[in-house]
Amino acid sequence: MSFPDLRAFIERLRRDDDLVTVEAPVDPYLEIAEIHRRVVAAGGPALLFTNVARSDFRLVTNLFGTARRAELAFGERPMRLVRRLVQLVETLLPPSLPGLWGARDVALELLKIGTRRIARGPVVERVSRSLGLDQLPVLTCWPEDGGPFITLPLVYTAHPDGRGHNLGMYRMQVHGPRTTGMHWQIGKGGGFHYAIAEACGRPLPATVFLGGPPALILSAMAPLPENVPELLLASLIAGERLPQVHGHGPHPLIATAEFALIGDVPPHARRPEGPFGDHYGYYSLQHDYPVFEVQAVAHRADAIFPATVVGKPRQEDFYVGDLLQELLSPLFPLVMPAVEKLWSYGETGYHSLAAAVVKQRYAREAMASAFRILGEGQLSLTKFLLVTDRHVEVRNFPATLEHILERTNTETDLYVFSNLSMDTLDYTGPAVNEGSKGVWLGLGGPVRALPRQFTGAVPAGVTDVRVFCGGCLVVGAAPYASEPEAAARLASERAFTDWPLLVLTDEPARAAASPMNFLWTTFTRFEPAADIHAAERRIVRNHVAYRAPIVIDARLKPGFPKELTCRDDIAQRVTARWREYFPTGKVEMGDSERAHLD
């Protein structure tokens, strides 16, 4: 089933008893975000707020905050069609008449993909040059955020030279009634368009859609290759051509959107943006970003404003991210033929860690696949990559880590590449957008039996030792500021000789409590070039050979952004008002501080 617009999806959720209307007065400054987080933590319903302070518009959140709702928004059709397309590519080369005739079902489906022009649509029921952004129910989510942020914007730009378009989701801090920030990180399609326009001294026209078909929202989040149009993916998911209305700005408007902010991004203009509580679970800090100037706002007469809240895993974006991976994963072998499986871990913010199963038809071919992955679109931002040539279920992280540790020769199979770009939101590097990458191979059959119980004497300075999985210990130690060299020292301790991997942390009990905890507390807090240590390091043919154990120093370093936490008075207010928000008592109050961490 596909949904032509946001409210069709909302109505389906209402019929399924998976949406709750909150009629109590609520504040978009911190209060709504904390309600949302507690509902997400409990696996609760979508939320429609009808009485938002300082706004006449309704607000909807948590649309995709469970696996069921995310799957409902996608539907089965796009997954089925993608798999069929992959099958055809494999069987239609070379083409034959019987083969082409057998592909007629796909040809008919593809005829439905694209856009179509209509005379009028709901999005232009109201077109205003006076409606201010301060009249919209924009959320401030965390106490140290730099201001309110539009968190589900669908930012449409066109290449200044007419070579395609981009639809991306980039957070937008509201600076004033007519201006926002435009958070174009490195590697983003809209940012590439802006760089070309700015080099010519021209403003870049931009249109920001809010709402519309769920397919449109999901497509804007998708990590597609740079020249693949997101509107085609949206149409594929929706199962029909997307209706557009022309004549209200530089771009056609998606007719079924709730809002369309029409304006441009002037060249050489920057304003401080942030801080912002981000999906890594920490604040991203304040930096200068381009400015979006709104010239007109088109919207439905009874428009519903969509929003989300990000933070420590798992939040709403996690469910969408995993589904997008499932949708696009059948395409990976077409783009990267030697890559059989690939999975990025949402618990780490996706870019911090990925694992791949690849073909190895000759010695060290696995590294060719690793380089291919690290050179492919958004995957190029991957910080650490685990690679094997034998079957393992990469979505099962403990099984994948054990698989690597059983097979690896750390002296030849661990690579660290320094002085590279890194995800803008990852603050483990020496400066914003700067850092390093690591690749760890585990190839062939097992070469060791992994220890599963620690029986050695606890070395001096160690506060706790816990087994995370076979071959990997979580080790507690003094804060980094107290002993920066602890990781290097502990790598040489005889008590740890038989363990291939140690993770040094400030929070050993928390880190070892679950795979999600381990992923989040480890891979969001270390940078390969700075934080990988070993019992011994030697230079062999200009390669750094690391003798096990390998130690990852995942302690919080000085200057690292704060972990996200709700303000005490807001937490107390939400607790006190819970039955006022949900008078039927059917909505469980989860633990937003813990989120889904154990």
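**Exercises on salt bridges and a small sheet**

The structure holds 41 salt bridges, a salt bridge being a side-chain nitrogen of Lys or Arg within 4 Å of a carboxyl oxygen of Asp or Glu. This is a predicted model, in which local features need pLDDT of at least 70 and side-chain atom pairs count only at pLDDT 80 or more, while totals for chains, interfaces and linings use all residues. Residues are numbered from 1 along each chain as its sequence is written, and side-chain values use heavy atoms, with hydrogens and water left out.

**Exercise 1.** Work out which parts aspartate 16 and arginine 68 tie together.

*Solution.* Begin with the contact: the closest N and O atoms of the salt bridge between aspartate 16 and arginine 68 are 2.4 Å apart. Next, place the partners: aspartate 16 lies in the loop between helix H1 (6–15) and strand E1 (19–22) and arginine 68 in helix H3 (residues 67–74), so the pair ties together parts that are 52 residues apart in sequence. Helices (H or I, at least four residues) and strands (E, at least two) are DSSP runs, numbered from the N terminus.

**Exercise 2.** Find which strands stand at the edges of the sheet E4-E12-E13.

*Solution.* First take the order, E4-E12-E13, in an open sheet of three strands with mixed pairing, where two strands pair if DSSP finds at least two bridges between them. Strand E4 (115–118) and strand E13 (253–254) each have a single partner strand and stand at the edges, so one side of each is left without a neighbour in the sheet. Finally, E4 pairs with strand E12 (residues 242–245) in the parallel sense over four bridges, and arginine 116 stands opposite proline 243 in E12.
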